Amino acid sequence: MSEDEEDQSPPPSDLRSQQQQQRPPCSPNKSRNCISSSSQTFPDHVLENVLENVLQFLESRTDRNAASLVCKLWWKVEGLTRSEVFIGNCYALSPTRLTQRFKRVRSLLLKGKPRFADFNLMPPDWGANFAPWVSTMAKAYPWLEKVDLKRIFVSDDDLALLAHSFPGFKELILVCCEGFGTSGIAVVANKCRKLKVLDLIESEVTDDEVDWISCFPEDVTCLESLAFDCVEAPINFKALEALVIRSPFLRKLRLNRFVSLEEVHRLLLGAPQLTSLGTGSFKHDNQSEQEQEPDYAAAFRACKSVVCLSGFRELMPEYLPAILPVCANLTSLNFSYANISPDMFKPIIHTCHKLQVFWALDSICDEGLQAVAATCKELRELRIFPFDPREDSEGPVSELGLQAISEGCRKLESVLYFCQRMTNAALIAMSHNCPELTVFRLCIMGRHRPDHVTGKAMDEGFGAIVKNCKKLTRLAVSGLLTDQAFRYMGEYGKLIRTLSVAFAGDSDMALRHVLEGCPRLQKLEIRDSPFGDVALRSGMHRYYNMRFVWMSACSLSMGCCKDVARAMPNLVVEVIGSDDDDENREFVETLYMYRSLDGPRKDAPQFVTIL
Amino acid sequence: MEGCPRNICPKLLDLIPQGREWYHEENNNTDQEKKLELRLGPPGGYEEDRSAKKNTETRNNNIMKEQTEISSPSKNHLSPCNKANVSHISQKRTAPGPVVGWPPVRSFRKNLASTSSSKLGNESSHVSHINKNGDGVTQVEPKREGMFVKINMDSVPIGRKIDLNAYNSYEQLSFAVDKLFRGLLAAQRDTSSGEREEKPIIGLLDGKGEFTLTYEDNEGDKMLVGDVPWQMFISSVKRLRVIKSSEISSALRFGCRRR
């Protein structure tokens with residue numbers, strides 16, 4: 001779930017002017033209406049062909065966006081040759097506009113709800129439905145091969161329509177989605193004969209009690225990746241085993257917790273070519289009939305290609321050493337579902353010299369992090385999640401672990417760290433030690449908590465991060481923060497694209513610093529901070545260039561939100577309240593606003609007011 | 001947490017300072033008083049804390065939202081409506097009670113205590129906090145601190161919040177709901193009769209009363225309260241709703257958003 005690059009939609013004005021231009025039919029000898037004067041020497045269609053042959057090699061989204069702005073001809077040809085479309089906000093445009101501009105799309109990446117919806121800050125049924133997209137694309141892109149959705153509501157009917165409409169369909173990736181169940185997955189498994197990738201990641205999948213694994217076709221499959229660790233339903237293991245055996249191209253397999261360790265063992269023996277494995281429940285069933293325990297280590301030893309390991313749900317730590325044979329090759333290790341103590345952890349991590357991505361629970365403690373720092377010199381990404389995610393729980397990790405990591409892992413690029421206490425000194429150290437940082441997300445779980453050694457606000461620490469980490473594009477802040485922290489962000493955070501703020505700042509000035517100082521800001525999400533109308537107004541020069549702004553439990557008035565909506569007609573300004581909204585409430589509960597080429601959406605539920 | 005039950009007498013609650021309200025003082029706080037304030041950091045001069053003073057209004061709003069949803073009386077008591085009035089608070093303790101969506105951990109990561117295997121290989125002191133009982137086994141325990149869920153009632157516009165950890169059985173919950181809404185319901189029904197006749201709200205669990213208690217679980221499904229064991233109910237309930245018994249079938253049918 002790495003973050004995206006620049007947005008693909010151009011500023012609204014371009015598209016509007018294009019809409020006005022209607023191309024009349026013309027004879028081949030006459031050159032068509034085209035701005036580029038160079039087309040005077042060649043017939044237009046020749047130039048178009050040449051351009052098409054060249055532009056089809058352009059892959060990068062940003063390059064394509066740039067190319068499409070050269071002139072109308074390039075716009076048109078680029079639209080014909082773009083095969084992979086990224087839409088960062090499903091409400092920024094309508095499906096019809098997509099199919100009108102891009103004619104030969106093979107792959108769609110679509111994002112829906114804002115991220116704070118993951119934390120219950122938004123009532124359910126807000127929107128972001130896949131239905132209009134799949135029905136429009138079913139008619140326009142019968143050759144569609146890949147769909148990658150994030151935070152989208154997908155129903156079983158949508159999945160059925162997808163399975164029936166796209167005969168060449170190859171890749172379905174659903175991240176943080178909901179609305180469907182195993183019956184929808186069964187249809188996809190059954191009808192998409194060319195399916196290579198079926199990845200269900202962190203999605204809510206209802207158990208319709210359908211044996212979807214058995215629905216895959218009987219002959220050899222094209223499967224390369226199958227991930228269903230989030231499916232909370234038992235599966236037919238025999239069918240899974242048979243599926244793995246007849247999937248010679250399978251490289252990535254992520255099992256859910258209903259697959260036992262013995263079953264994983266059997267799968268591994270039959271699929272030594274795996275490169276990425278998500279184990280199911282990592283516990284041995286003591287009641288099993290076998291007299292001797294299976295040699296789990298031998299199964300792992302046979303998997304010479306495994307470089308990515310995850311799962312470990314319901315872990316019995318005494319079986320953890322079974323993975324030792326593959327540790328030396330691992331580039332990615334995810335222990336974030338496993339409650340592992342430092343003593344169990346250290347022998348494992350000391351063999352993982354090649355590790356680049358490491359996710360874990362804070363149960364490994366500062367001691368475990370020190371072990372990581374000592375061994376994993378190639379580490380690029382670190383995520384430490386809280387085993388006990390409450391504000392006042394004891395925190396087993398602190399600034400000590402973070403400091404150790406910064407000293408040992410100099411190539412670090414991405415950090416997500418949950419803790420209960422932190423110091424400015426550790427952040428300052430990290431800012432100096434890890435210049436490659438592009439993502440820095442620190443969550444000090446106690447709200448408004450200062451540096452626990454000096455008692456000061458965390459301003460200087462975060463200030464150092466934005467100042468010294470010159471490649472920083474994503475930042476999430478926490479702890480006690482004054483306006484000064486935001487002054488630093490505005491002054492130094494010139495590349496920041498995503499900013500996440502909670503329970504921070506003193507006044508409107510804080511948000512003003514950011515809105516006035518961060519020219520690349522695309523995604524802004526703020527909760528429970530004292531920012532009001534003055535701050536909101538100060539960003540009006542930016543909002544058309546941003547993907548979205550989220551502000552909840554701040555001090556915004558309805559009047560000001562209405563003013564913004566009136567002043568910026570291409571901005572959709574949603575005010576979201578809860579069901580039992582008190583009409584006398586002084587402030588807007590939640591503001592979510594985003595630019596849109598097609599005006600306000602028609603599917604807004606009752607609790608959303610579009611100004 | 002404190003023994004004061006939060007669902008009774010919300011107005012009384014407002015008058016009893018607790019948690020951070022001790023530190024929420026008016027503007028005439030002297031330095032002397034400041035030094036006596038309890039803080040998180042080491043004692044001593046905190047000149048720089050003047051810069052750390054915050055607009056407490058938003059936070060006070062949040063605190064009040066956590067405790068009750070009755071808006072005007074509590075709001076006026078603790079938070080002066082004047083935005084410009086920034087209270088001089090230097091240090092903040094964390095507020096009592098959980099806040100929605102904080103810490104920002106997705107729900108499937110929050111159930112680790114119940115789904116992960118309980119035994120740790122070596123019980124070092126580092127992880128002793130994870131072992132809630134001394135016998136080395138982490139238990140599926142309900143959270144000790146308040147577990148507040150929203151509760152609404154048909155024909156009562158104002159919702160409330162109820163601390164489910166204060167009860168151990170459906171009967172206790174039913175009783176609490178009655179106490180919570182009896183007065184409000186009577187106020188709603190009060191037309192021109194002038195007399196407020198407060199009828200007890202009974203039969204919430206057996207379908208025999210005028211109202212029935214329902215809930216929405218973590219999958220978004222609407223269910224009747226009382227079918228599953230109490231602990232299972234506690235672990236999956238997200239919000240409560242008291243509906244008219246006559247509307248049970250339609251409410252439950254339209255409540256499920258899947259399929």
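Here are legends for several close-up views of this predicted model.

**View 1. How chain A is split up.** Let's start with the layout. Chain A falls into domain 1 (18-81), domain 2 (83-250) and domain 3 (556-611). In the contact between domain 1 and domain 2 of chain A, nine residues come from domain 1 and seven residues from domain 2.

**View 2. The surface hidden between domain 1 and domain 2 of chain A.** The size of an interface is often given as the accessible area lost when the parts come together. Here, domain 1 and domain 2 of chain A bury about 740 Å² between them, and 42% of that is on carbon and sulfur atoms. On the domain 1 side, look for A:Arg61, A:Gly79 and A:Leu80, the residues that lose the most area to domain 2 of chain A. Together they make up 54% of what that side buries.

**View 3. What holds the domain 1 side of this interface.** Across the interface of domain 1 and domain 2 of chain A there are five residue pairs in polar contact, with both residues at pLDDT 80 or more. Which elements of chain A give two or more residues to the domain 1 side that touches domain 2? They are α3 (61-68) and α4 (72-81) of chain A. α4(A) gives the most, with five residues. Sorted by character, the residues on this side of domain 1 of chain A are two nonpolar, four polar and three charged.

**View 4. A:Glu78 and its two arginine partners.** Side chains of opposite charge can pair when their charged atoms come close. A:Glu78 meets A:Arg101 in a salt bridge, at 3.4 Å from N to O. A:Glu78 also forms a salt bridge with A:Arg64, where the closest N and O atoms are 2.7 Å apart. That second pair links distant parts of the chain: A:Arg64 sits in helix α3 of chain A and A:Glu78 in helix α4 of chain A, 14 residues apart. Zooming out, the count between domain 1 and domain 2 of chain A is two salt bridges, while a search of the whole structure finds 37 over all chains.

**View 5. Two stretches of chain A with UniProt labels.** An unreviewed UniProt entry gives residues 44-83 of chain A the annotation "domain: COI1 F-box". This span, residues 44-83 of chain A, is 75% helix and 0% strand, and its end C-alpha atoms lie 23 Å apart. UniProt (unreviewed entry) also lists residues 103-149 of chain A as "domain: Transport inhibitor response". Residues 103-149 of chain A are 21% helix and 19% strand, with end C-alpha atoms 20 Å apart.

**View 6. Two backbone oddities.** Most residues other than glycine have a negative phi, and most peptide bonds are trans. Now check A:Asn120: its phi is near 60°, a positive value in a residue other than glycine. A:Asn120 is in the loop between β2 (107-111) and α6 (131-140) of chain A. Over in chain B, the peptide bond from B:Trp102 to B:Pro103 is cis, with omega near -5°. You'll find B:Pro103 in the loop between α4 (72-78) and α5 (107-110) of chain B.

**View 7. A:Asp508 and its surroundings.** A:Asp508 belongs to helix α19 (residues 508-517) of chain A. Which residues is A:Asp508 in contact with, leaving aside its neighbours within four places in sequence? They are A:Pro530, A:Phe531, A:Gly532, A:Asp533, A:Val534 and A:Ala535. For a sense of scale, the C-alpha atoms of A:Asp508 and A:Val46 are separated by 56 Å, and these two residues are 462 residues apart along the chain.

How values were computed. Residues are numbered from 1 along each chain as its sequence is written. Chains are lettered from A and ligands numbered from 1 in the order in which they are written. This is a predicted model: local features need pLDDT of at least 70, side-chain atom pairs count only at pLDDT 80 or more; totals for chains, interfaces and linings use all residues. Side-chain values use heavy atoms; hydrogens and water are left out. Domain bounds come from an automatic or database domain assignment. Contact means heavy atoms within 4.5 Å. Buried area is the accessible area (1.4 Å probe) that two parts lose on being put together, summed over both. A salt bridge is a side-chain nitrogen of Lys or Arg within 4 Å of a carboxyl oxygen of Asp or Glu. A polar contact is a pair of N or O atoms within 3.5 Å; within protein, one must be able to donate a hydrogen and the other to accept it, and residues adjacent in sequence count only if both atoms are side-chain atoms. Helices (H or I, at least four residues) and strands (E, at least two) are DSSP runs, numbered from the N terminus. Ala, Val, Leu, Ile, Met, Phe, Trp, Tyr, Cys and Pro count as nonpolar, Asp, Glu, Lys and Arg as charged, and the others, Gly among them, as polar. UniProt positions are given in the numbering used here, feature names are shortened, and annotations may be inferred rather than shown by experiment.
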